[in-house]
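Reader: I have a model open at my bench and would like to talk through a pocket and some helix packing. Could you take me through them?

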Amino acid sequence: MVGPQDNSRFRIQDLKFKVQDSKFEVSNSTFKSMRYTSIEHTKFLLQQVHHVSDVFALPHFSHLNWEEAWMMIESAKLLADRDMAPYFKAMDAEPAQYDGNGGVKTHPQLKTIIKQAAENGWIGGGSKFEFGGMQLPMMIFNAAQHIFMSANNSSQGYFSLSAGAAALITSFGTSEQVKKFVPKIFAGDWQGTMALTEPQAGSSLTDITTSATSVGDGFYNIKGQKIFISGGQHEACDNFVHLTLARIEGAPPGVKGISLFIIPKYWPEENGSLTPNDVFCAGDFQKMGQRGYCTTHLVFGDKDACKGWLVGEPHKGLGYMFQMMNEARISVGLGAASTAMAAYQASLQYANERPQGRLANEKDPLKPPTLIVNHPDVQRMLLTQKAIIEGSLSLVMECNRLSDLAHAAEVEEKQNSFLLLELLTPIVKTYSSEQGSRAVALAIQTLGGYGFTMDFPVQQLYRDIKITSLYEGTTGIQSIDLLGRKVVMEKGKALKVLVDSIESVIKQASTYDSLKSYATELTIELNRVGEVLKHLGQFAQQGDINRYLADATVFMEQLSYVVIAWQWLKQATVAHIAIQTGNVAHETVEFYEGKIHTMKFFFRYELPHAAACSKTLMDPDYLTNVIKKEVLA
């Protein structure tokens with residue numbers, strides 16, 4: 001058995017790194033010293049940048065205050081230190097494996113992790129009181145999930161899926177369905193999943209063929225296959241509740257004919273017993289990363305005895321599922337930023353402990369080597385990581401805040417929050433995963449050759465993060481969603497809400513001389529977005545939708561840089577005010593200075609990429625419509 005390993009403490013002795021024996025046990029006191037995230041940055045975002053206290057002022061969340069909420073987040077950190085982080089490497093070394101008999105063998109610690117998360121409210125905590133939840137704001141619930149993801153991104157996925165599945169049932173299911181399935185999911189006894197993808201259809205849900213034949217009273221016989229089902233049928237839970245998309249016999253073609261079903265592995269009977277359902281796990285995909293997180297191939301109705309329970313109305317399943325998918329997309333963005341944060345913390349620690357070389361102006365070879373953190377290029381790599389990750393996390397928190405307002409605010413604020421959240425969802429998922437992968441690559445580069453070895457965690461984090469650009473719709477799909485649906489939704493109203501939000505921060509920053517030039521830069525890039533949309537809009541007006549969407553991914557990149565710049569200007573303004581007013585009780589002056597410096601770095605090194613994207617998008621040549629495929633040979 002591969003036991004817990006302290007993956008984040010790197011010690012240098014005589015220029016040689018002590019490689020820990022992967023089989024030894026470490027004490028809880030060591031766990032407390034591990035640093036895989038910045039709890040200070042989380043507090044800064046919650047308390048000062050995104051003002052969670054405003055959310056607590058809403059009647060729906062008024063049962064909470066800051067002190068209580070922060071105690072919960074601190075307890076989540078203790079749970080992650082004790083039960084998750086120590087098993088990060090072990091769950092990769094002993095990956096989830098198909099047992100050959102319809103189940104998946106997982107690391108023994110997983111059962112403990114799920115049960116502890118459940119007991120502490122981190123599965124059902126975001127749900128309403130009436131369903132047995134704690135009615136937590138997403139700002140608080142997902143702040144804890146960030147800690148869990150940073151500590152061990154493979155394990156967190158299991159209870160995150162369950163939380164999403166239960167939320168879908170409470171939103172659209174009957175009271176009987178809620179009573180039968182949700183308490184067990186919240187308790188961590190049963191695992192919730194989402195079953196969408198099929199072998200022949202991939203991401204094209206229009207082409208799913210899993211069928212449903214009515215047997216009366218809302219029940220259906222289900223037949224078909226689903227692949228890439230995360231968390232499906234492992235040994236750490238007793239039952240599995242698969243929320244599955246299928247077509248009812250005679251349904252209209254396309255997405256309008258898709259319905260949603262609850263399909264458990266075992267049917268819960270009235271007396272509490274469980275009856276086997278015809279759901280078979282045919283295998284587990286072996287992956288390059290997140291190896292502790294099982295990904296299964298499910299077969300429904302191989303013996304023509306798979307019973308599914310219709311959720312909501314027939315043919316409206318995809319609309320229902322979008323609730324879980326959109327929540328999952330934000331969760332994926334959070335997971336990417338959290339994984340990258342763990343890599344950043346590891347590379348920062350390494351840079352502060354590893355002596356190598358001398359600064360360029362040091363000519364004396366007898367002088368001792370300097371720590372690599374003092375080299376300008378290493379600082380560039382570290383600042384790039386910090387700028388990407390902390391910008392991403394701020395955008396995630398923005399989305400969490402909008403989610404809370406969309407559920408609990410008054411009419412106009414509620415609607416505007418919903419629209420802005422819809423627009424930002426594909427951006428937070430895409431930027432965090434694509435640029436997060438780049439950040440983790442820089443973490444490996446910071447460690448040099450050691451970063452490529454199994455002795456250090458950054459190579460595992462690099463393998464783990466790659467899936468986030470594929471989960472819940474690839475980058476291309478997210479980009480088409482952004483440009484094809486979200487930008488034009490309600491005649492551009494969502495985009496207007498975004499522009500108004502950015503201009504509000506620009507206006508505030510412009511009142512401070514030290515921030516005025518950055519506010520001007522952001523205004524220029526925001527205007528470029530408008531110019532690009534006007535240019536692309538002419539193709540849409542001509543009916544040339546293929547041309548309009550051809551470079552949607554480039555537009556995604558352009559708008560993402562602008563959105564993250566908005567988040568950085570917001571953070572820098574808060575930091576500047578704290579320093580100027582002397583209101584630095586929350587953190588040190590150096591902490592706030594670090595935010596301002598990183599904002600400047602982002603505007604100097606990252607934001608200029610937005611102008612390059614604009615140039616590409618405005619170019620008259622149409623180069624991705626190759627007719628002669630020989631060009632690609």
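Reader: Which element gives the largest share of the lining of the second largest pocket?

Author: Happy to help, and do keep in mind that this is a predicted model. The elements giving two or more residues to the lining of this pocket are α10 (317-351), α11 (376-408) and α19 (589-606). The largest share is six residues, and the helix that provides them is α19.

Reader: What is the volume of that second largest pocket, and which residues are the closest to its centre?

Author: The volume of the second largest pocket comes to about 480 Å³. Its lining has 19 residues, and by class these are six nonpolar, eight polar and five charged. The closest to the centre are Y344, L348, L383, K386 and E390.

Reader: Are α11 and α19 roughly parallel or roughly perpendicular to each other?

Author: Their axes come within 9 Å and cross at roughly 100°. Angles of 65 to 115 degrees count as roughly perpendicular. The two helices, α11 and α19, are therefore roughly perpendicular.

Reader: How many charged residues are in the contact of α11 with α19?

Author: On the α11 side, the contact is made by R380, L383, T384, K386, A387 and E390. From α19 come G594, K595, H597, T598, F601, F602 and E606. By class, the contact has four nonpolar residues and four polar ones, and the number of charged residues is five.

Reader: Why is α10 described as roughly parallel to α12, and what is the handedness of their crossing?

Author: Helix α10 packs with helix α12 (residues 411-447) at an angle of about 20°, with the axes 8 Å apart. Angles under 35 degrees count as roughly parallel, and that makes α10 roughly parallel to α12. Their contact has 14 nonpolar, eight polar and three charged residues. The crossing of α10 and α12 is left-handed.

Reader: What is the handedness of the crossing of α4 and α7?

Author: Helix α4 (residues 66-84) and helix α7 (residues 138-151) have axes 9 Å apart and pack at about 20°. They are therefore roughly parallel to each other. The crossing of α4 and α7 is right-handed.

Reader: How many nonpolar residues are in the contact of α4 with α7?

Author: In α4, the residues that meet α7 are A69, I73, A76, K77, L79, A80 and M84. Their partners in α7 are I140, A143, A144, I147, F148 and A151. The contact has one charged residue and no polar ones, and the number of nonpolar residues is twelve.

Conventions
Residues numbered from 1 in each chain as written. Predicted model: local features only at pLDDT ≥ 70, side-chain atom pairs only at ≥ 80, totals over all residues. Heavy atoms only, no water. Axes fitted to C-alpha atoms, helices over the stretch in contact; angles between N-to-C directions. Helix = DSSP H or I, 4+ residues; strand = E, 2+ residues; numbered from the N terminus. Parallel < 35°, antiparallel > 145°, perpendicular 65-115°, else oblique. Left-handed = near helix turned anticlockwise from the far one by under 90°. Contact = heavy atoms within 4.5 Å. Nonpolar A, V, L, I, M, F, W, Y, C, P; charged D, E, K, R; others polar. 1 Å grid on protein atoms, 1.4 Å probe; cavity = no way out; pocket = protein on both sides within 12 Å on 5 of 7 lines; lining within 4 Å. Points joined across faces, edges and corners; volume = space filled by probe spheres on them.
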